[in-house]
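Hi everyone, thanks for coming. Let me put the structure up, and then we can walk through it together.

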Amino acid sequence: MTNDIHLNYINGEWKEGYDTIENINPSDVSDVVGFYAKANSADCEAAIQAASSAFSDWSQSALEQRKTVLDKIGAELIARSSEIGEILAREEGKTLAEGIGEVARSGQFFQYYGAEVLRLMGENTASVRPGVDVEVHREPLGVIGIVTPWNFPMAVASWKVAPAIAYGNCVVLKPAELVPGSAWILADIISRSGLPNGVFNLVMGSGREVGETLCTSSDIQAVTFTGSVEVGRRIARNAIENMARVQLEMGSKNALVVLNDADIDTAVQCAVSGAFFGTGQKCTASSRIIVESGIHDEFISRMTDAMANLVVGNALTPGAHIGAVVDERQLKQNLDYIEIAKSEGAELVMGGERLSLQTEGFFMSPALFINTNNQMQINREEIFGPIACVIKVDNYEQALEVSNDSDFGLTSGIITESLKFASHFKRNSKSGCVMVNLPTAGTDYHVPFGGRKASSYGPREQGQYARDFYTIIKTNYSKPY
Ligand code: NDP
């Protein structure tokens, strides 16, 4: 632990805050990961002004310059993934292996957009008017406000910051107050990458003050946000007031369908990792497991066997499969949902209890409910913890109907050996990402990510499709003579 205060990064300078954020390890509350300078509205305004001033030059910067910077940031993240992954695991609670994996993936986002920068092709087309040429090309937007959640503190920041600066924008990043450590490390790496001052700014502070200032500013051209539906709606309303572009990634209630013909090992493996890894704190987690009646009992029996072997532990304990819940508030919310589920008549077959381990932290055993139906509150609302609910159905058609009957639509999955059902599910599942014989969680970085309904709003993130959000199209007409 260090007593040094990690500062905000505004216009290429490290700036003190008006208060201090204490970053506590949820696996061991006696461990302070670090102290972070808490920014206020004025700091946020200064960051927005710095980004605005830097935009003119950065938007015209050479593509090679952008590529070099992005490659450098990505390379350092990858080279230091073990060391940074440990800090990430300490501040968020996910296991060390998950923390290291997240940091390495974050580096890949920067390297991917380092290459993508050189592929920003426009279009040339003939006009409907003889002798006129038409060009369609993309320009940077301006200043982008980036608001990130606590569950993937490095990856979400990276998959937003990397394309934003790759396409010539300037950014102000506001990470979740609970986990400023990863964002600060990213800022530190960026500060040494050769990126001109003001292009990237970090303000660590509360959503209510700093987030609100950022998202209501008339000097930003777009906001990209990941978090709860409630805050997402508020951000969208505010953004529209200023005609700012908005991209929201929010809640989910992802379904994993297990059909009678499923390979049982694959089904159990996908259900366990999809529902419980990352302590279930993933927007892609499988929280509803829809199981066809013919395989139901065997699936439950194999699932509980697999769950009995899961080790819940301090994020840094070798061999732990599931780390800590992020904080007391989230743990209480999870445990409240356990009680709600019981009161609704769901049957708890395993887990769902607060655990006391060697270190004092926020641990719970992964929970499995059976005999649930899709109208229960636990199957309608996002819980965001290691809790999975099984819904038994009679056939594939019913499974599809239940899977689609949700206010959310981020990911969905099906475990089957039938090409007919897999193909039908891919075509008819009302979600943004569909997985066949794979967990609902776990996506690639070079293809679009996003959902439907209350899960997502606005253009897709990641892959080439990210350019639709981070650039604005211009259509030029010219008559050469
Ligand atoms: P929030 O939506 O409150 O937080 C996400 C981010 O938004 C944080 O940086 C937060 O700041 C910021 N924020 C909060 N209020 C505002 C505002 N008015 N204007 C701008 N930014 C704001 O989510 P929580 O962290 O409170 O989590 C609550 C629930 O949201 C979880 O239980 C889960 O269900 C869901 N969630 C879903 C995620 C997903 O990936 N789908 C990710 C995280 C949460 P601050 O640091 O102050 O919190």
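I'll talk about the ligand and what surrounds it.

One thing to keep in mind as we go: this is a predicted model. Let's start with the site itself. The ligand occupies the space of the largest pocket. Which elements give two or more residues to the shell around it? They are helix H7 (207-216), strand S11 (222-226), helix H8 (229-241) and helix H11 (328-343). Of these, H7 gives the most, with 4 residues.

Now zoom out to the domains for a moment. Domain 1 (5-250 + 455-478) and domain 2 (254-436) each supply at least three residues to the shell.

What about the make-up of that shell by class? We have 12 nonpolar, 10 polar and 6 charged residues. Among the 28 residues around the ligand, the nearest are Glu-177, Gly-207, Glu-212, Ser-228 and Met-250.

Two of those names come back when we look at polar contacts. A polar backbone atom of Glu-177 lies 2.4 Å from an oxygen atom of the ligand. The side chain of Glu-212 has an N or O atom 2.7 Å from a ligand nitrogen. Then there is Lys-174, with a side-chain N or O atom 3.1 Å from a ligand oxygen.

And how much of the ligand is covered? On its own it has 850 Å² of accessible area, and the protein covers 87% of that. Thanks, and I'm happy to chat!

Technical notes
Residues are numbered from 1 along each chain as its sequence is written. This is a predicted model: local features need pLDDT of at least 70, side-chain atom pairs count only at pLDDT 80 or more; totals for chains, interfaces and linings use all residues. Side-chain values use heavy atoms; hydrogens and water are left out. A residue is near a molecule or strand if one of its heavy atoms lies within 4 Å of it. A polar contact is a pair of N or O atoms within 3.5 Å; within protein, one must be able to donate a hydrogen and the other to accept it, and residues adjacent in sequence count only if both atoms are side-chain atoms. Accessible areas come from the Shrake-Rupley method with a 1.4 Å probe; for residues, only the protein chains shown count as cover. On a 1 Å grid over the protein atoms alone, a cavity is a set of points where a 1.4 Å probe fits but cannot get out, and a pocket is an open set with protein on both sides within 12 Å along at least five of seven lines; lining residues have an atom within 4 Å of a point. A molecule sits in a cavity or pocket if more than half of its atoms lie within 2 Å of its grid points. Ala, Val, Leu, Ile, Met, Phe, Trp, Tyr, Cys and Pro count as nonpolar, Asp, Glu, Lys and Arg as charged, and the others, Gly among them, as polar. Domain bounds come from an automatic or database domain assignment.
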